[in-house]
Amino acid sequence: ELWKKQGILFKAKSGDSTKDAVKLMTVHASKGLEFEHVFLVDCLRRSPTQLPTLLVHPKEPPAMKYREGKETLLPAQYVTLKEMKERLDSEESRRILYVAMTRAKSTLTLFLPKEMKGVPQGSWASLLFESQPTL
């Protein structure tokens, strides 16, 4: 929306692609494609942390969190489903990062802030840092 307001956003004409063109796309759209150079620009992004009131899973009974007064109560089944969802979300994030990183033929450039006071839990940057061997 900000790009639209600033006049930065424009529509590209399909079929105008050339060898020297820059293509902006989501990781999902890039699946199955390869590019000489790939830039990952949103390595600090995290999945939304707000969980829905109702959690469901095909092999488990559903569960709801609810409020009693000012307190939010999480039944045991809700906690179980929450942990399952977090694990599945983490696995999916790893798969998407793998897809993103393996689109590059020659170079892969990851964008991170120059100064950072910590890496957001669950971000691609945290996945990359946790995979580093300790020296």
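1. In this note a helix is a DSSP run of H or I of at least four residues, and helices are numbered from the N terminus. Helix α2, which spans residues 27–30, holds Ser30. The structure under review is a predicted model, and the points below should be read on that basis.

2. Overall composition. The chain has 135 residues and contains four helices and six strands. Their order along the sequence is α-α-β-β-β-β-β-α-β-α. Of the residues, 18% count as buried. The chain exposes about 11,400 Å², and carbon and sulfur atoms supply 56% of that area. Among contacts between residues at least 6 apart in sequence, 64% join residues at least 24 apart.

3. Ser30. Is Ser30 in helix α2 buried or exposed? With a relative accessibility of 6%, Ser30 counts as buried, because the cut-off for that class is under 20%. When its neighbours within four places in sequence are set aside, the contacts of Ser30 are Met25, Phe35 and Arg103. Of these partners, Phe35 belongs to the range of strand β1, residues 35–40.

4. The β2–β3 hairpin. Strand β2 covers residues 54–57 and strand β3 covers residues 60–64. The two strands run antiparallel and are joined by three bridges. The hairpin connecting β2 to β3 passes through two residues. Within this pairing, Leu55 has Ala63 of β3 as its bridge partner. As general background for inspecting such elements, side chains in a regular strand alternate between the two faces of the sheet.

5. Salt bridges. How many salt bridges does a search of the whole structure find? The search finds three. They are described one by one in the next three points.

6. Lys82 and Glu86. These residues form a salt bridge in which the closest N and O atoms are 3.1 Å apart. Both residues belong to helix α3, residues 76–101, and because they are four residues apart there, about one helical turn separates them. Glu86 counts as partly exposed at 40% relative accessibility. Lys82 is likewise partly exposed, with a relative accessible area of 26%.

7. Lys85 and Asp89. In this salt bridge the closest N and O atoms lie 3.0 Å apart. Helix α3 holds both residues, which are four residues apart, or about one turn of the helix. Lys85 has a relative accessible area of 30% and is partly exposed. Asp89 has a relative accessibility of 31% and also counts as partly exposed.

8. Glu92 and Arg95. Their side chains meet in a salt bridge with an N to O distance of 3.0 Å. Both residues lie in helix α3, here three residues apart, which is again about one turn of the helix. Glu92 is partly exposed, its relative accessible area being 34%. Arg95, at 46% relative accessibility, counts as partly exposed as well. Arg95 does not reach the exposed class, because that class requires over 50%.

9. The aromatic pair. The count of aromatic pairs comes to one. Phe39 and Phe111 form this pair, with 6.1 Å from centre to centre and 45 degrees between the planes. The pair is classed as tilted, because its angle falls neither under 30 degrees, the limit for stacked, nor over 60, the limit for edge-to-face. Distant parts of the chain are linked in this way: Phe39 lies in strand β1, whereas Phe111 lies in the loop between β6 (104–110) and α4 (124–130), 72 residues apart.

10. A nonpolar surface patch. Which residues make the nonpolar surface patch of about 330 Å²? The patch is made by Phe39, Val41 and Phe111. Both members of the aromatic pair, Phe39 and Phe111, therefore also contribute to this patch. Phe111 is partly exposed, with a relative accessible area of 41%, which satisfies the requirement of over 30% for a patch residue.

11. Ser126. This serine is found in helix α4. Ser126 counts as buried at 13% relative accessibility. Neighbours within four places in sequence aside, Ser126 is in contact with Val119, Pro120 and Gln121. Ser126 and Arg46 are 80 residues apart along the chain, and their C-alpha atoms are separated by 9.7 Å.

Note on methods. Residues are numbered from 1 along each chain as its sequence is written. This is a predicted model: local features need pLDDT of at least 70, side-chain atom pairs count only at pLDDT 80 or more; totals for chains, interfaces and linings use all residues. Side-chain values use heavy atoms; hydrogens and water are left out. A salt bridge is a side-chain nitrogen of Lys or Arg within 4 Å of a carboxyl oxygen of Asp or Glu. Buried means under 20% relative accessible area, exposed over 50%, partly exposed in between (1.4 Å probe, protein chains only). Patches are made of residues with over 30% relative accessible area and no salt bridge: like charges are joined within 9 Å, nonpolar side chains (Val, Leu, Ile, Met, Phe, Trp, Tyr) within 5 Å. Accessible areas come from the Shrake-Rupley method with a 1.4 Å probe; for residues, only the protein chains shown count as cover. Two strands pair if DSSP finds at least two bridges between them. Contact means heavy atoms within 4.5 Å. Rings of Phe, Tyr and Trp (its six-membered ring) pair if their centres lie within 6.5 Å; planes under 30 degrees apart count as stacked, over 60 as edge-to-face and the rest as tilted.
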